[in-house]
Amino acid sequence: MPHVSSAQLLTALRAAAEATRLRMLALLSAQELNVKDLTHILGQSQPRVSRHLKLLAEAGLIERYHEGAYAYFRMAGAGPEAEIARALLGLVSADDPVFARDRDRAEAVRRERFEAAQAFFRAHAAEWDRLRGLHAPEAEAEAAMRDALGDGPFDLHVDLGTGTGRVLELFAPYARRGLGVDVNRDMLAYARARLDKPGLGHTQVRLGDIFNLSLADGAADAVTLHQVLHFLDDPARAVAEAARILRPGGRLLIADFLPHGLEILRESYAHQRLGFETAQITEWLRRAGLALIETRELRPDAPTGAEALTLALWLAEKPKGAAARAA
C-alpha cells in the first residue's frame with residue numbers, strides 16, 4: 001500500500017468508522033448500486049442512506065455516476081483513498097453475519113435487475129436474431145476482433161455504444177479496466193446485469209454522449225466502435241471523439257458494414273447509414289489524427305442472389321506524439 005498523508009488517512013477513517021457506512025463500502029466494493037438498491041438492502045430510509053453516501057463520497061472512498069434521474073455508486077477504483085478502503089475491508093471477516101446478510105440481499109437485488117434486463121432482451125430478441133442472420137456469425141466476428149486489436153494488456157478499454165456489453169466482456173481478459181458508454185438506459189441495464197459476474201468486476205458501463213465523452217484526452221489505450229456508426233447522423237464526429245480519448249500509440253477498432261442496399265434497415269431498424277466505404281472511414285480517421293493500419297472483411301455465407309451484409313473491421317492507431325484533431 002502506498003504512503004498517504006495523515007489528513008487523507010484520518011478523513012477516510014472518520015468516514016468509514018460507522019457501522020452503516022462500513023457496510024455500504026463493502027457492498028459497493030462488489031458492485032454498483034443506487035440509492036434505491038441500498039435502501040432495500042440496508043433497510044434504512046432514503047435520506048439516511050443519501051447522507052451516508054455523501055460522507056463516503058466527500059472522503060473519496062466511493063465514486064458517483066449519474067444516469068438520468070438515478071445516481072450509481074461504486075467504491076473508488078484508484079488513488080490513496082481506494083487503497084485505504086481495500087485495506088479496511090480486508091480486515092473484516094468474510095463470515096461476519098451482518099455482511100453476509102447484506103450480500104444475500106444484494107444478490108436478490110442483482111437477480112431482480114437481471115430478470116428485468118432479460119425481459120427487455122426477450123422483447124427485442126427476434127429483431128436482433130433477424131439482423132444477426134444477415135452477416136457473418138458472431139463467433140467469427142469476435143475472433144477477428146480479438147485478433148485485430150490484440151491481447152493488450154490495455155490499461156483502459158473504452159467501448160462506445162456498448163449496447164449489451166458483449167464487447168466489454170470479450171476484451172475483459174486483456175484490460176485492467178473496461179468502460180462501456182451508451183445513451184440507451186434499457187441497454188445499460190441489460191449490460192450491467194450481464195457484466196455482474198465473476199471476472200468482470202473491473203468492467204463498468206455509463207450513460208454518456210458518444211459525441212461528448214466525460215473522459216480526458218489520452219485516457220484510453222484501446223477504443224472500440226462495434227456496429228455503432230451506422231446509427232449516427234454524424235459518424236465522423238464520433239470517430240474524432242474516439243481519437244481524442246486515445247493516448248499516443250493507442251488503437252481504435254471499428255466494426256461496421258460495407259455499403260449495402262438493405263433499405264429495411266433504415267426504415268425499420270433506425271440505421272442512418274447503409275454501410276461505409278473504406279475510403280470514407282480512412283478519411284475520417286486521417287482528419288481525426290489516426291492512421292489506418294489494417295482492414296478486414298467478413299463475408300457471410302448467403303444463398304445466391306440473397307442480400308447480405310459484409311462486416312468490415314478497420315483498425316487504426318494514434319501515432320506517438322500526435323494529438324487528435326477535430327473532424
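Helices and strands here are DSSP runs, counted from the N terminus. Contact means heavy atoms within 4.5 Å. The model is predicted.

**Whole chain**

Start with everything shown. The protein has 12 helices and 10 strands. Of its 327 residues, 47% count as buried. The accessible surface comes to about 15,600 Å², and 51% of that belongs to carbon and sulfur atoms. Take the contacts between residues at least 6 apart in sequence: 69% of them join residues at least 24 apart.

**The sheet**

Now show the strands of the open sheet. There are 7 strands, in the order 6-5-4-7-8-10-9, and the pairing is mixed. Strand 6 (203–207) and strand 9 (291–298) are the edge strands, each pairing on one side only. On average, neighbouring strands are turned by 15° against each other, direction ignored.

**From the edge at strand 6**

Select 175–182, which is strand 5. Strand 5 runs parallel to strand 6, and 5 bridges join the two. For a marker, pick L179: it stands opposite Q204 in strand 6.

Add residues 185–194. This is helix 9, and it lies across strand 5 and strand 6. Its direction is at about 170° to strand 6.

**Strand 4**

Next, select 154–160, which is strand 4. How many of the 7 residues of strand 4 are buried? The count is 6, so strand 4 is largely enclosed by the rest of the structure.

Strand 4 has two partners to look at. Towards strand 5, the pairing is parallel, with 6 bridges. Find L156 there; its bridge partner in strand 5 is R177. Towards strand 7, the pairing is again in the parallel sense, over 4 bridges. Here the pair to label is L160 with L225 of strand 7.

Add helix 8 (residues 166–171). Together with strand 4 and strand 5, helix 8 makes a right-handed β-α-β unit.

**Strand 7 to strand 8**

Move to 220–226, which is strand 7. Strand 7 is mostly covered, with 6 of its 7 residues buried. Strand 7 and strand 8 (246–257) run parallel and are joined by 6 bridges. Keep L225 labelled: I254 of strand 8 stands opposite. Then trace the connection. The chain leaves strand 7, passes through helix 10 and reaches strand 8, in a right-handed β-α-β crossover.

**Helix 10**

Select 235–245 and show side chains. Is helix 10 largely enclosed or open? Of its 11 residues, 10 are buried, so helix 10 is largely enclosed by the rest of the structure. The buried residues include P235, A236, V239 and I245. E241 and R244 are also among them. Now show what covers these residues: strand 4, strand 7, strand 8 and helix 12 are included.

**Helix 12 and the aromatic pair**

Go on to helix 12, residues 278–287. Helix 12 lies across strand 8, strand 9 and strand 10 (311–317). Helix 12 runs at about 150° to strand 9.

Select F276 and W284. The count of aromatic pairs comes to 1. The ring centres of F276 and W284 are 5.7 Å apart and the planes meet at 70°; since planes over 60 degrees apart count as edge-to-face, so does this pair. Both residues fall under the 20% cut-off for buried. F276 has 0% relative accessibility and counts as buried. W284 is buried too, with a relative accessible area of 8%.

**Last stop: helix 4**

Finish at residues 46–58, which form helix 4. Pick two residues here, Q46 and H52.

Which of the two words fits Q46, buried or exposed? At 53% relative accessibility, Q46 counts as exposed, because the cut-off for exposed is over 50%. Leaving aside neighbours within four places in sequence, Q46 is in contact with V35 and T39. V35 is 11 residues from Q46 along the chain, and their C-alpha atoms are separated by 6.8 Å.

H52 is buried, with a relative accessible area of 1%. Show what H52 touches beyond four places in sequence: E18, T20, R21, M24 and Q44.

Terms used: Residues numbered from 1 in each chain as written. Predicted model: local features only at pLDDT ≥ 70, side-chain atom pairs only at ≥ 80, totals over all residues. Heavy atoms only, no water. Pairing = 2+ DSSP bridges. Axes fitted to C-alpha atoms, helices over the stretch in contact; angles between N-to-C directions. Buried < 20%, exposed > 50% of the residue type's maximum accessible area, 1.4 Å probe, protein only. Areas by Shrake-Rupley, 256 points an atom, 1.4 Å probe, with all protein chains shown as cover. Phe/Tyr/Trp six-rings, centres within 6.5 Å; stacked < 30°, edge-to-face > 60°. Right-handed = clockwise from strand over helix to strand, strands pointing away.
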